Amino acid sequence: MSEQTVAPVLERSIENELVTRFPECVSLDTRKGYSGVLVKPENLIEVATALRDDLGYDYLVSVTGTDYLPEGMMETVYHIYKATGGPGLVFKAQFPRDHAVVPSLVPVFPGADLQERETWDLLGIRFEGHPDLRRILLWEGFEGHPLRKDWREPFFEEEAKPFKSRWPEGHIQRAEDKNPFSNNVAYPPDFDPDSWVEDKDSMLYESLKRSIKQQGSDIQTDIVMVNMGPQHPSTHGVFRMVVALSGETIVSLKPVMGYLHRNHEKIAERNTYLQIMPYTDRLDYLSSMSNNFGYALAVEKLTGARPPERAEYLRVIMAEFTRICNHLFAIGSLLNDLGAYFTPILYAIEERELILDVFEAVAGSRMMCNYFRFGGVARDLPEGILEQIRKIAFDRLPPKIDELDLYLTNNEIIRSRTEGVGVLTPEQAIAYSAAGPVLRASGVPYDIRRADPYSIYDRFDFDVVVHYHGDAYDRYLVRIEEMRQSVRIIQQAVKDLPGGPIQEGKPQYQVRVPAGEAYGRVEGPKGELGFYVVANGKPNPWRYHVRAPSFINLTPYELMCVGNKVADTVAILGSIDIVLGEVDR
Amino acid sequence: MDGMGIVKGMGVTLRRFLGTFVDDLKWLGKRYYTEEGVARRRSTDTRGIFTVQYPEEKLPVPEEFRYVPFLVYEEGQDGEKKPRCTSCGICAKVCPPQCIWIERTVNPNTGRPVPEPKAFYIDIDICMNCGFCAEFCPFDAIKMDHDYELSVYDRHQKDIYDLVHLLKPVSYYATIRPKNYALEEAAWAKAAHKPMD
Amino acid sequence: MSDMKRDNINSTKYDIPPELEGRVSVTTLDKIYNWGRRSSIWPMMFGLACCAIEMICTAASRYDFARFGMEVMRPSPRQADLMLVSGTVTKKMIPILVRLYNQMPEPKYVVAMGACASGGGPFKEGYNVVAGVDRYIPVDVYIPGCPPTPQALLHGLITLQRKIDTQSIKTVRWYRKEPIEAIPVPILGPDVLDPRQANILKEIAQAKQTEQAQG
């Protein structure tokens, strides 16, 4: 508890230092419930360079924007941390809504690349100096910027749920029956379908050609463009890559996303806080418990709720089981992509099914668990489940992980296909904001459970797994070893599990959240999962943003692939371990 | 690179392969289509063939399993169905994708609301099986079902469940969720015995 | 083969003398044709979102759907019979989905797995989600649930098999004289447009113009 009183003082000192260093362009953010500093947009690059070079804050974690319609301004919000660990800093740049232009941070922090494109796409904030500002989640030609507060979707009913049409006069009407097209579409009045010329990705191919010229070519060879399209057996979902090849070697690569963009953030702005919880399950659908954990932490920072001891232990047990499930599936599908057709993934799924049985018995569903609540967890463990958990953690998993290790790790085919492939140096990993196993396999020992501990992780004894080569083989090794560390944590938690209540106070469906902002981060299995929530005292949030690790881990993907053969793209993508629900939200 | 890694890996696969036959022999033909066989394949010390052969062997679902909601009715003396629902509307308010429509009965003489639902619709094509409606109902009137065999050929007729389709008896609820039912009955009994103040 | 015994392949019109029972079967061409097709449906690997993980689990060790003949999951549409739409269909993805459906050779079936593919699901109110894949392609079986458990998916596939059993060579659409029209691929304009609905758009625009001219 003493950390909580010391930390704000430390935070204020970095903010105060910035204010004294740049008195004319940096000021403290004094809005109620907010923290951090405000920076003038024209001095943004200067301040960012000072933070990175002089003050040691070199790990830019999140870039997003917020639309404040009543005040007529928009702001971009940056969260930045030190790669050596510790609390972070939030800084924002504010500018008027009708002239939403801000300098891009890509020259200072290359990891801001995809996130700034997303902010341009959804909010309409233009970033000057960005090398390639195109829409990323929607298609070129889409009308408007959806996350702006004055943009309404075709099936719009009311500004916030619950809708009045459901009760007490609930005359059912399917939403598509109200729309003349029986579908979720609406067109601007001047749209003429006969004269519309479809864009067909012209900007994408132009940017690909530009990056080829930058690579330089001495021999006059033909460059072949290959679309490894959304329908592909190895792309972990609907992910598309446009690759420029010279022979079999990759010259340039552009990822295309947005084929699963389910407008999670816009829906969340209409939902109440508790109603968002089942939607967070569907972000990283392989590890739903840790998504719930991150969101519960973010809102608990705003409300100040502290879960009771038993709930904290249950949360840790469920989060670590989720990590094991996810790594099993990741290793299995990496092997599937490398060509060991279905056997390793069958062995991995067998163990995963046993863990999913536990989730089904405790939370009610195998994958979409919806188990965490603000101030605790939803239900207590049923009878007999603690015994099953104990058997899995002590008797079943350790020998099975060893068997998987023996089966795969020293296999010569796997080694020759993944060693030296997709190398990411530690400096590049930090600059490109990589997180999770990708960062740790490059030699940077940053694990949020140690660097910036949340919940009760400071009570457990576990190692942070680091490897130093930064290639695909190391990422695989990091995952195997992390499974062993997770089993270690579960064993300790099961031994110390106390009795007691599992939720603070009575279960409520209308949570009172005071105004302010919060950023809750957890070490998800794929990396740092962060939730940025801005509240204004109403039952639904004003702004809600998800810092998705798979999305940001794709920023160095082009860097990792250039120079390798086209067959290696699949191995590298499998070793980064993306899941499209998170990439596209 | 001498190939020993591959050989050791193949050894693991061979051991598992032979293990399936050994395990089948041990059980002498009672491994499949029996309840104890299914339970063994579900436990943490399972080995050998892991498959549960649906539809002949169905894996039983645990008590907390949630699929589509249903409404509970008390069985009256002459077979009449008395739904527990009072159309308070909390489930409709708390549903995240707003898939519940409730029409409250209004007394035509006095114009005041009557605690009974006149119409109750759930659109299954929107429901995300989260269980909030069952969790926050103050009258234990709506609960999550266990039945998952719901595939249809035509969703426009069949996938909007109305009151008739949703009502199921308390006895059914007690069979699928015995522990929850016992806890709720005890809580209602305790509340009934409390002195009114 | 156990299907054959259970389905009672023998047609009931003819009596088989007892000394030939077990050696001779009298059946209809429809039954043989349907039995061959329903026992070896090859699904196309079309996993979009969370339901795809349940589809992979159905193909994996515990709920094996190789027992139903569906083991060969082909990523290429040219070699597949069944498009198992599992997951949310977004507007950016729908032109690709329609194109893939057109590339599948007949006989082809579509199963909408999950709430999102059936009717938009919990994400229906969003701006990038199509309210059900049956707006664009014909669907044979809908499986509700979010996500449907592997046992529910297997039940849905058995329902599809029962549907195939009721088809007859005389009435199936791929043996008719007229060529089957391909479904027109949607266009990504300011919002996705189904070319079959372009006339509705023009009617609305005309109605607005007359309204403005009058008012």
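Over all chains, the count comes to 67 salt bridges. The structure is a predicted model. Three of the pairs are described here in turn, followed by a network and a helix packing.

Glu309(A) and Arg459(A) form a salt bridge through their side chains, with an N to O distance of 2.8 Å. This pair links distant parts of the chain. Glu309(A) belongs to helix α8 (residues 309-338) of chain A. Arg459(A) sits in the loop between α14 (448-451) and α15 (472-496) of chain A. The two residues are 150 residues apart. Glu309(A) is partly exposed, because its relative accessible area is 37% and the partly exposed class lies between 20% and 50%. Arg459(A), at 44% relative accessibility, also counts as partly exposed.

Helix α8 of chain A also holds both members of another pair, Arg323(A) and Glu320(A). Their closest N and O atoms are 3.2 Å apart in a salt bridge. The spacing is 3 residues, about one turn of the helix. Both Arg323(A) and Glu320(A) are buried.

Asp577(A) and Arg479(A) meet in a further salt bridge, at 4.0 Å from N to O. Here too, distant parts of the chain are linked. Asp577(A) lies in the loop between α18 (566-576) and α19 (580-584) of chain A, whereas Arg479(A) lies in helix α15 of chain A. The separation is 98 residues. Asp577(A) is buried, as is Arg479(A).

Shared partners join several salt bridges into one network. Its members are Glu350(A), Glu351(A), Arg396(A) and Glu403(A), together with Arg15(B) and Arg16(B).

The packing of two helices of chain A was also examined. Helix α9 (residues 343-363) of chain A packs against helix α10 (residues 385-408) of chain A at an angle of about 165 degrees. The axes are 11 Å apart. Angles over 145 degrees count as roughly antiparallel. α9(A) and α10(A) are therefore roughly antiparallel to each other. Their crossing is left-handed.

On the α9(A) side, the contact is made by Thr343(A), Pro344(A), Tyr347(A), Glu350(A), Glu351(A), Leu354(A), Ile355(A), Asp357(A), Val358(A), Ala361(A) and Val362(A). On the α10(A) side, the contributors are Ile385(A), Gln388(A), Ile389(A), Ile392(A), Arg396(A), Leu397(A), Lys400(A), Tyr407(A) and Leu408(A). By class, the residues of this contact divide into 13 nonpolar, 2 polar and 5 charged. Glu350(A), Glu351(A) and Arg396(A) take part in the helix contact and in the salt-bridge network.

Conventions: Residues numbered from 1 in each chain as written. Chains lettered and ligands numbered in written order. Predicted model: local features only at pLDDT ≥ 70, side-chain atom pairs only at ≥ 80, totals over all residues. Heavy atoms only, no water. Axes fitted to C-alpha atoms, helices over the stretch in contact; angles between N-to-C directions. Helix = DSSP H or I, 4+ residues; strand = E, 2+ residues; numbered from the N terminus. Parallel < 35°, antiparallel > 145°, perpendicular 65-115°, else oblique. Left-handed = near helix turned anticlockwise from the far one by under 90°. Contact = heavy atoms within 4.5 Å. Nonpolar A, V, L, I, M, F, W, Y, C, P; charged D, E, K, R; others polar. Buried < 20%, exposed > 50% of the residue type's maximum accessible area, 1.4 Å probe, protein only.
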